[in-house]
Amino acid sequence: MKSSGRTTYALLSVIVIIAFYLIPYTYLRSSKDLTLTAFWTSLTLLWIITSNYVVRRWVK
Amino acid sequence: MINVFIAVLTAYFLLGTAIAYLSRRRGVKSSSDYFVAGYRLGGFLSAMTYAATTYSAFMMVGLVGLTYATGVGALGFELIYLLATLVLLVTIAPKAWVMAKERGWVSPSEMLSDLYSSRALGYLVAATYLVALLPYISAQLSGIAVVFEGVGLSYGLGVAVGTALLILWVALAGMWSVATTDAYQGLWMIFSAAALVTWLTFSFIPLKGVNLNDLTAALSNAGFLGLTSFWSFNTFLAYTLPWVFFAVTNPQVVVRVFIPKDGRAYKNMVSLFSIYGFIYTVVVVYVGLVSRGLTLLNLFENVANRDLVTPKLLLNMDATLASIIYVSIIAAATSTANSIVLAVASSFVRDIYEKAFSGKHSLKVANALVLTLSVAAAGIALLRTGFIVDLSVLTSVILLPLAPITILAWLNPNISRSKEARAAAIASVALGVAIALSAATYLGPRATFLSSWGGLPISLWVLITSTSITLIGFTLGKLRSVGKPS
């Protein structure tokens, strides 16, 4: 993968981690259903899939 | 119950020992073979040893209890670890994996010593590992002993059995026996967790005359599906910050980046570990939430000591299944403890013994160190000193100063060898560890973990201090290299 791809992945990862903290504390603090659970699990799952795709292209 | 537990434990012990014994055929001739399996592990073993080392007895006992007591915030706390570790494994760790093979790194302190061309840093980091991790090993042995007490056996017997397992499964073939038994234990852990969820969902909950919708409604009404008062932003930050950097601060985890034999093994390690971590975390949090839901509906007793939620739940289960799950807790503790013992021993063998002596007796010294560390941890566990257990909570905070010096050196291995970066790394570790230990002395370890200074958690202060010092060192080092005539 080109270095621009690495930078994009790294920047997106930072955004994902910040979202992991900020969205629950901004919008989902008083969640009365499974929204907060779904948010954290979906975000993690999405990044697991993305990261696995990236690492398979990246590491030779 | 005792007889069934002893039978399951014996089966676990015999099978694990047979696996560890068979792993000797891989051949252990040098300290590199002993501590990093000669960089020859395949993807499956690399992934399973990564997972089993990372996920300790904390999961089935501590995380179930934390979820039960504080709600779904515990899910975020645990998943952020997985997320951050994954990002580190994809972005900077592949570089460390390549460098480890090229430069022959065996221990993480040796890695830092080499990256900064500083023996002093290697000694300092090895000493930090000892201070931070000995209580953590003791806490794992203590966890095994508590399981023994839970089934009606003695605490001392639990410590003795845990220590024997620890020594035997490390001494038989070093990383080979640890990795193969970790794979075995990792499978035991995940299948036990799956069995617990199946039992809860299809047997225990229907037996109580309710369904998952009733539990969700009860949890919702009590606020457990949102962020409870426990999870203030500061508390969430204090809990998660050391977790985010766990993969680059804890030597037993760092060393696992060195061991995959090739690119394919590395990629498979990342994939399998991430899938394992996700499933295990979700399953464990589910158990905690279901238990709380049942308590809210007055169908399960209110457990005041949150570490007892799993044991109380297991009392309702068939003795054989309960024993399998109890043994999975022992497996989680053993797989974490033996990896730590191996990692700490590697620091002393590589950074101190082999640099001072010929290295001719490295394997004997390694085994002697494994024995000494294990017995010392057992002695501490037997004292049942609350402070030691508390101190183990602080382990990740004490190790936090290693995060910036590791990450920056992996990214800039040329600048890290400058004298400015070297001095900064030593100052960074010394000051960061001093802040953590001073706070633990004045406030107590648990309070240190949760206290704030100026509105920020102490762990964040440790990280800010260490990162600032390290960054200054790297900046000065870079400026000097730019100013040099070519």
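In this predicted model, the end C-alpha atoms of residues 7-28 of chain A lie 30 Å apart, and the span is 91% helix and 0% strand. A second stretch of chain A, residues 34-55, has its end C-alpha atoms 31 Å apart, with 95% helix and 0% strand. Both stretches, residues 7-28 and 34-55 of chain A, carry the annotation "transmembrane region" in UniProt, where the entry is unreviewed.

From chain A the description passes to its contacts with chain B. Here 31 residues of chain A are in contact with 38 residues of chain B, and the area buried between the two chains is about 3000 Å², with carbon and sulfur atoms giving 75% of that area. On the side of chain B, L83(B), L227(B) and K267(B) supply 21% of the area that this chain buries against chain A, which is more than any other three residues supply. As for salt bridges between chain B and chain A, the count is zero.

Residues of both chains also meet around the second largest pocket, which has a volume of about 920 Å³. Its lining consists of 30 residues, and of these A10(A), V87(B), L88(B), T91(B) and I92(B) are the closest to the centre of the pocket. The elements that give two or more residues to this lining are, from chain A, helix 1 (3-26) and, from chain B, helix 5 (73-91), helix 6 (93-103), helix 12 (233-244) and helix 20 (402-411). Helix 1 of chain A provides the largest share of the lining of the second largest pocket, namely nine residues. By residue class, the lining of this pocket divides into 24 nonpolar, three polar and three charged residues.

Enclosed spaces can be considered separately from the pocket. A search of the whole structure finds three cavities of 30 Å³ or more, and the second largest cavity has a volume of about 40 Å³. The residues that line the second largest cavity are F35(B), V106(B), M175(B), V255(B), R256(B), S339(B), L342(B), A343(B) and S346(B). Helix 17 of chain B, which covers residues 319-356, contributes four residues to the lining of this cavity, the largest share. Sorted by class, the lining residues of the second largest cavity comprise six nonpolar, two polar and one charged.

Methods
Residues are numbered from 1 along each chain as its sequence is written. Chains are lettered from A and ligands numbered from 1 in the order in which they are written. This is a predicted model: local features need pLDDT of at least 70, side-chain atom pairs count only at pLDDT 80 or more; totals for chains, interfaces and linings use all residues. Side-chain values use heavy atoms; hydrogens and water are left out. UniProt positions are given in the numbering used here, feature names are shortened, and annotations may be inferred rather than shown by experiment. On a 1 Å grid over the protein atoms alone, a cavity is a set of points where a 1.4 Å probe fits but cannot get out, and a pocket is an open set with protein on both sides within 12 Å along at least five of seven lines; lining residues have an atom within 4 Å of a point. Grid points are joined across faces, edges and corners, and a volume is the space filled by probe spheres set on the points. Ala, Val, Leu, Ile, Met, Phe, Trp, Tyr, Cys and Pro count as nonpolar, Asp, Glu, Lys and Arg as charged, and the others, Gly among them, as polar. Contact means heavy atoms within 4.5 Å. Buried area is the accessible area (1.4 Å probe) that two parts lose on being put together, summed over both. A salt bridge is a side-chain nitrogen of Lys or Arg within 4 Å of a carboxyl oxygen of Asp or Glu.
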